[in-house]
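Visitor: I would like to learn how to read a structure like this one. Please take me through it feature by feature.

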Amino acid sequence: MSILKETNTLSNGVEIPKLGLGTWFIDDDQAARAVCDAVGIGYRNIDTAQAYGNERGVGAGVRDCGVSREDLFVSTKLAAEIKDYDEAVAAIDESLRKLGIGYIDLMLIHAPQPWENFRGGDYADGNRQAWKALEEAHQVGKIRSIGVSNFLQEDLNNILDNGTVAPHVNQILVHAGNTPSELIAYCESKDILVEAYSPIAHGEILKNKEVAAIAEKYGVSVPQLCIRYTLQLGAVSLPKTANPDHMRSNARVDFAISEEDMGTLRTMDEKNYGENAVFPVYSGK
């Protein structure tokens with residue numbers, strides 16, 4: 001079976017395709033074409049965010065792709081700066097309006113802190129307020145499942161201890177060279193599915209000779225190896241691209257990485273992202 005037909009099941013019973021299309025850095029006027037291309041290839045999981053500025057284009061692609069809405073899984077994210085209940089309610093409705101696809105399959109809090117203060121400050125109360133807004137939208141059917149992104153264990157516990165719905169997903173940076181094994185294990189223990197964004201390490205992993213040697217052993221490309229790695233960790237993988245050839249290649253991952261090579265990739269420490277070291281979305285740009 002093609003990976004594009006395989007799914008995971010969230011704790012609330014909703015099925016999510018194991019491989020998705022990330023749309024970070026795809027301009028709004030290019031997003032509809034990228035979505036249509038991906039759906040034509042067989043993708044059914046599309047990931048966007050308020051911070052990406054392309055919800056309108058993604059929604060147009062979903063409407064125009066020729067596949068029924070019910071067969072697609074569309075995620076978006078509440079802007080990291082929103083730590084207020086009323087602002088969160090308004091922002092959720094704005095995403096629904098911009099997307100124009102009736103409902104959202106998964107909506108996440110994009111980060112536990114605003115990007116300009118990422119990993120700093122105490123925003124526990126603001127996250128509880130944003131979560132309450134997501135819970136209510138989920139309860140009335142505007143959103144089928146809800147979750148978080150970039151949340152560490154203490155951030156998750158804030159929601160688990162105070163919310164009425166446990167997060168269905170935690171979308172985090174996972175790739176060979178950056179495998180937060182303890183966080184992944186904690187999410188699994190709480191029945192929170194991990195989604196791996198930037199599984200190809202923002203492209204920098206292409207320069208890693210050790211990873212290239214492992215990929216060569218399996219007769220696959222480095223991106224294919226990296227995507228397969230995150231899938232074998234049990235995560236949903238979300239490589240981003242607007243290139244149809246890359247979309248097709250990214251989906252050709254019907255091979256298995258050995259336990260020995262998984263161990264090598266899991267313990268690798270490679271977090272040098274070159275020109276992408278300062279992520280624009282993190283800096284609030």
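Guide: Start with burial. Buried means under 20% relative accessible area, exposed over 50%, and partly exposed in between, with a 1.4 Å probe and protein chains only. His 202 has a relative accessible area of 13%, so His 202 is buried. This is a predicted model: local features need pLDDT of at least 70, side-chain atom pairs count only at pLDDT 80 or more, and totals for chains, interfaces and linings use all residues. Residues are numbered from 1 along each chain as its sequence is written, and side-chain values use heavy atoms, with hydrogens and water left out.

Visitor: What is the sign of phi of His 202?

Guide: Most residues other than glycine have a negative phi. His 202 has a positive one, near 60 degrees. The residue sits in the loop between β9 (193–197) and α7 (209–218). Helices (H or I, at least four residues) and strands (E, at least two) are DSSP runs, numbered from the N terminus. Arg 119 also has a positive phi, about 65 degrees, and is not a glycine. Its place is the loop between β6 and α4. Arg 119 counts as partly exposed because its relative accessibility is 40%.

Visitor: Now the sheet. What is the order of its strands?

Guide: Strands of a sheet pair through backbone hydrogen bonds, either parallel or antiparallel. Two strands pair if DSSP finds at least two bridges between them. Here 8 strands form an open sheet with parallel pairing, in the order β3-β4-β5-β6-β7-β8-β9-β10. The edges are β3 (21–22) and β10 (236–238); each has a single partner strand, so one side of each lacks a neighbour in the sheet. β10 runs parallel to β9, joined by 3 bridges. Ala 196 stands opposite Ser 237 in β10.

Visitor: Is strand β6 buried or exposed?

Guide: 6 of the 6 residues of β6 (residues 104–109) are buried, so the strand is largely enclosed by the rest of the structure. Strand β5 (residues 73–78) pairs with β6 in the parallel sense over 4 bridges. There, Thr 76 has Met 107 of β6 as its bridge partner.

Visitor: How does the chain cross from β5 to β6?

Guide: The handedness rule comes first. Point the strands away from the viewer; a crossover is right-handed if the path from the first strand over the helix to the second runs clockwise. From β5 the chain passes through helix α3 (residues 85–99) to β6, a right-handed β-α-β crossover. On to the next pair: β6 and strand β7 (residues 143–149) are parallel over 5 bridges. Ile 109 stands opposite Val 148 in β7. The crossover from β6 through helix α4 (residues 124–139) to β7 is right-handed.

Visitor: At what angle do α2 and α3 pack?

Guide: Two packed helices are described by the angle between their axes and the distance between the axes. Axes are lines fitted to C-alpha atoms, for helices over the stretch in contact, and angles run from 0 to 180 degrees between N-to-C directions. Helix α2 (residues 55–64) meets α3 at about 50 degrees, with axes 7 Å apart. Under 35 degrees counts as roughly parallel, over 145 as roughly antiparallel, 65 to 115 as roughly perpendicular and the rest as oblique. The two helices α2 and α3 are therefore oblique to each other.

Visitor: How many residues of α2 are buried?

Guide: 7 of its 10 residues are buried, so α2 is mostly covered. Among them are Glu 55, Val 58 and Val 62. α2 is followed by Gly 66, with a positive phi near 90 degrees.
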